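Visitor: Please pick one part of this model and take me through it closely. I would also like to know how far the model can be trusted there.

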Amino acid sequence: MDPLAPLNPLIRGPRTPGLRRTEPGLTRSCRGRPSPKSGQADGTSEESLHLDIQKLKEKRDMLDEEISQFISEGYSVDELEDHITQLHEYNDIKDVGQMLMGKLAVIRGVTTKELYPEFGLDMND
């Protein structure tokens, strides 16, 4: 375990559909390469940036195509964003429930699996 890692878990802020946060202080690009230092005039870095831009444009085009397909099937972007937001909320609530079940299991000295029937839960819940 990293001795400099925070002892408390990170607190999640509000979710923004389609965006992911990176850990503070990371200086690596999406592809895991170190970011070029300011003032670095490296042709390879410029090449890799152009490649990254091209890949992002291709991904954007693919996502635009998927959005068009959903719209043609009768879905709206707002409806999909609302659905995604509701899924995030559901998963957050489920995570809290799992945490509470785990704490209760520790207090009672049983496994969480043994608690499921008591609360009317199926193992697939």
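Guide: Helices here are DSSP runs of H or I with at least four residues, numbered from the N terminus. The model is predicted, and the part chosen is helix α2, residues 77-108, together with what follows it. The setting comes first: the protein has three helices and zero strands, in the order α-α-α from the N terminus.

Confidence in α2 averages 93, the highest in the protein, while the lowest is that of helix α1 (residues 43-72), with a mean of 90. For the whole protein the mean is 76, and 65% of residues reach 70 or more. Over residues 19-30 the pLDDT is below 50, and beyond near neighbours in sequence that stretch has nine contacts in the model. Residues 1-14 also stay under 50, with four contacts beyond four places in sequence. Where pLDDT is low, predicted coordinates should not be read in detail.

The length of α2 can be checked. With 32 residues at 1.5 Å a residue, the helix should span 46 Å, and its end C-alpha atoms are 46 Å apart, so the two values agree. Just after α2, G109 has a positive phi of about 75 degrees.

The end of α2 also carries a salt bridge: R108 pairs with E118, their closest N and O atoms being 2.6 Å apart. The pair links distant parts of the chain, since R108 lies in α2 and E118 in the segment after α3 (112-115), 10 residues away. Buried or exposed, how do the partners count? R108, at 42% relative accessibility, is partly exposed, and E118, at 47%, is partly exposed as well. Both values fall between the 20% and 50% cut-offs, which is why neither residue is called buried or exposed.

A search of the whole structure gives two salt bridges. The other joins the side chains of R60 and D61, at 3.4 Å from N to O. R60 is partly exposed at 46%, and D61 is partly exposed at 43%.

V77 belongs to a nonpolar surface patch of about 230 Å², made together with I67 and I71. I67 is in helix α1 and is partly exposed, at 37% relative accessibility.

Around these details, buried residues make up 6% of the 125 in the protein. Of the contacts with a separation of 6 or more, 19% come from residues 24 or more positions apart. The protein exposes about 11,400 Å², of which carbon and sulfur atoms supply 58%.

How values were computed:
Residues numbered from 1 in each chain as written. Predicted model: local features only at pLDDT ≥ 70, side-chain atom pairs only at ≥ 80, totals over all residues. Heavy atoms only, no water. pLDDT = per-residue confidence, 0-100. Helix = DSSP H or I, 4+ residues; strand = E, 2+ residues; numbered from the N terminus. Contact = heavy atoms within 4.5 Å. Expected span 1.5 Å × (residues − 1). Buried < 20%, exposed > 50% of the residue type's maximum accessible area, 1.4 Å probe, protein only. Areas by Shrake-Rupley, 256 points an atom, 1.4 Å probe, with all protein chains shown as cover. Patch = residues over 30% accessible without salt bridge, like charges linked within 9 Å, V, L, I, M, F, W, Y side chains within 5 Å. Salt bridge = Lys/Arg side-chain N within 4 Å of Asp/Glu carboxyl O.
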